[in-house]
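Let's take a walk through a protein chain together, one region after another. Keep the sequence and the structure in view as you read.

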Amino acid sequence: MAVCLRCGMWSLLFCCVSSHLKAVLAEDSEICENLRLGQYLCKDPKIDEATQEPENCRDTTAWVECLPAPNISCRLSNGTEIKFNGEEVGFNKTIPCRNV
Ligand SMILES: *[C@@H]1O[C@H](CO)[C@@H](O)[C@H](O)[C@H]1NC(C)=O
Ligand SMILES: *[C@@H]1O[C@H](CO)[C@@H](O)[C@H](O)[C@H]1NC(C)=O
Ligand SMILES: *[C@@H]1O[C@H](CO)[C@@H](O)[C@H](O)[C@H]1NC(C)=O
């Protein structure tokens, strides 16, 4: 009984460690949209003078282009991994049209 309990704990530990490892490895090539705040900058939307809303509004959302920070590597939506130099667009982010 005591032996089984112990091996149960070991396999639990092994399980935790390996899932942690997996998480670390996956972080290498995360999808650009999943970058944390501070790892990218998004352009300001162009505001339409007449409506005071972003120019590319459709329904209630618009989008802006986001640029990952220099030396950030992530996957584009087409699956290609790129190391960014801070000037390339990595992904589009949707934003609400009002209250920008
Ligand atoms: C990016 O990485 C290169 C090569 O490792 C390094 O020379 C450069 O200073 C880094 N740039 C930034 C902004 O961290
Ligand atoms: C994905 O898009 C990037 C940028 O448009 C391009 O350089 C790359 O070749 C594309 N990869 C594939 C597999 O289509
Ligand atoms: C962002 O959206 C625009 C317009 O739909 C498109 O031309 C552009 O390729 C998109 N960029 C990315 C990185 O998805």
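**A loop, a sheet and two ligands**

Start at Q39, which sits in the loop between α1 (2–27) and β1. Keep in mind as you look around that this is a predicted model. Is Q39 buried or exposed? Q39 counts as buried, because its relative accessibility is 16% and the cut-off for buried is under 20%. The side chain of Q39 also makes a contact: it reaches the backbone nitrogen of R36 at a distance of 2.8 Å.

Now look across from Q39 to A69. These two residues are 30 residues apart in sequence, yet their C-alpha atoms are 5.4 Å apart in space. A69 belongs to another loop, the one between β2 and β3 (73–75). A69 has a relative accessibility of 23%, so A69 counts as partly exposed.

With those two loops located, step back to the whole chain. How many helices and strands does the chain have? There is one helix, and there are five strands. If you follow the sequence from its beginning, the pattern reads α-β-β-β-β-β. The chain has 100 residues, and 21% of them are buried.

Next, see how some of these strands come together. Here is a general idea to carry with you: strands of a sheet pair through backbone hydrogen bonds, and the pairing can be parallel or antiparallel. In this model, three strands form an open sheet in the order β1-β2-β5, and the pairing is antiparallel. The strands at the edges are β1 (40–42) and β5 (91–96), each of which pairs on one side only. On average, neighbouring strands of this sheet are turned by 40° against each other, if direction is ignored.

Let's trace the two pairings in turn. β1 and β2 are joined in the antiparallel sense by three bridges. You can find one position in this pairing at Y40, which stands opposite P68 in β2. On to the other pairing: strand β2 (residues 61–68) is joined to β5 by six bridges, and these two strands also run antiparallel. Two residues of interest here are W63 and C66. The bridge partner of W63 in β5 is T94, while C66 has F91 as its bridge partner in β5.

Some of these residues will come up again as we turn to the core. In soluble globular proteins, nonpolar side chains tend to be buried together. The largest nonpolar core in this model has 13 residues. Which of them touch the most other members? They are C32, L35, Y40, C66, C74, F84 and F91. Two elements, β2 and β5, give two or more residues to this core. β2 gives the most, with three residues.

Now leave the core and visit the loop between β1 and β2, where you will find Q52 and D59. Most residues other than glycine have a negative phi. Q52 is not a glycine, but it has a positive phi of about 60°. D59 is also a residue other than glycine with a positive phi, near 55°. Are these residues buried or exposed? Q52 is exposed, because its relative accessible area is 53% and exposed means over 50%. D59 counts as exposed too, at 77% relative accessibility.

Finally, let's look at two of the ligands. Around ligand 2 you will find L76, N78 and T80. An N or O atom in the side chain of N78 is 2.3 Å from an oxygen atom of ligand 2. T80 also takes part, with an N or O atom of its side chain 2.6 Å from a nitrogen atom of ligand 2. Taken alone, ligand 2 exposes 360 Å², and the protein buries 30% of that.

Which residues are around ligand 3? They are W63, V89, G90, F91 and N92. You have met W63 already, as the bridge partner of T94, and F91, as the partner of C66. A polar side-chain atom of N92 lies 2.2 Å from an oxygen atom of ligand 3. Ligand 3 taken alone exposes 360 Å², of which the protein buries 44%.

How values were computed: Residues are numbered from 1 along each chain as its sequence is written. Chains are lettered from A and ligands numbered from 1 in the order in which they are written. This is a predicted model: local features need pLDDT of at least 70, side-chain atom pairs count only at pLDDT 80 or more; totals for chains, interfaces and linings use all residues. Side-chain values use heavy atoms; hydrogens and water are left out. A residue is near a molecule or strand if one of its heavy atoms lies within 4 Å of it. A polar contact is a pair of N or O atoms within 3.5 Å; within protein, one must be able to donate a hydrogen and the other to accept it, and residues adjacent in sequence count only if both atoms are side-chain atoms. Accessible areas come from the Shrake-Rupley method with a 1.4 Å probe; for residues, only the protein chains shown count as cover. Two strands pair if DSSP finds at least two bridges between them. Helices (H or I, at least four residues) and strands (E, at least two) are DSSP runs, numbered from the N terminus. Axes are lines fitted to C-alpha atoms, for helices over the stretch in contact, and angles run from 0 to 180 degrees between N-to-C directions. A nonpolar core is a set of buried Ala, Val, Leu, Ile, Met, Phe, Trp, Tyr and Cys residues joined through side-chain atoms within 4.5 Å. Buried means under 20% relative accessible area, exposed over 50%, partly exposed in between (1.4 Å probe, protein chains only).
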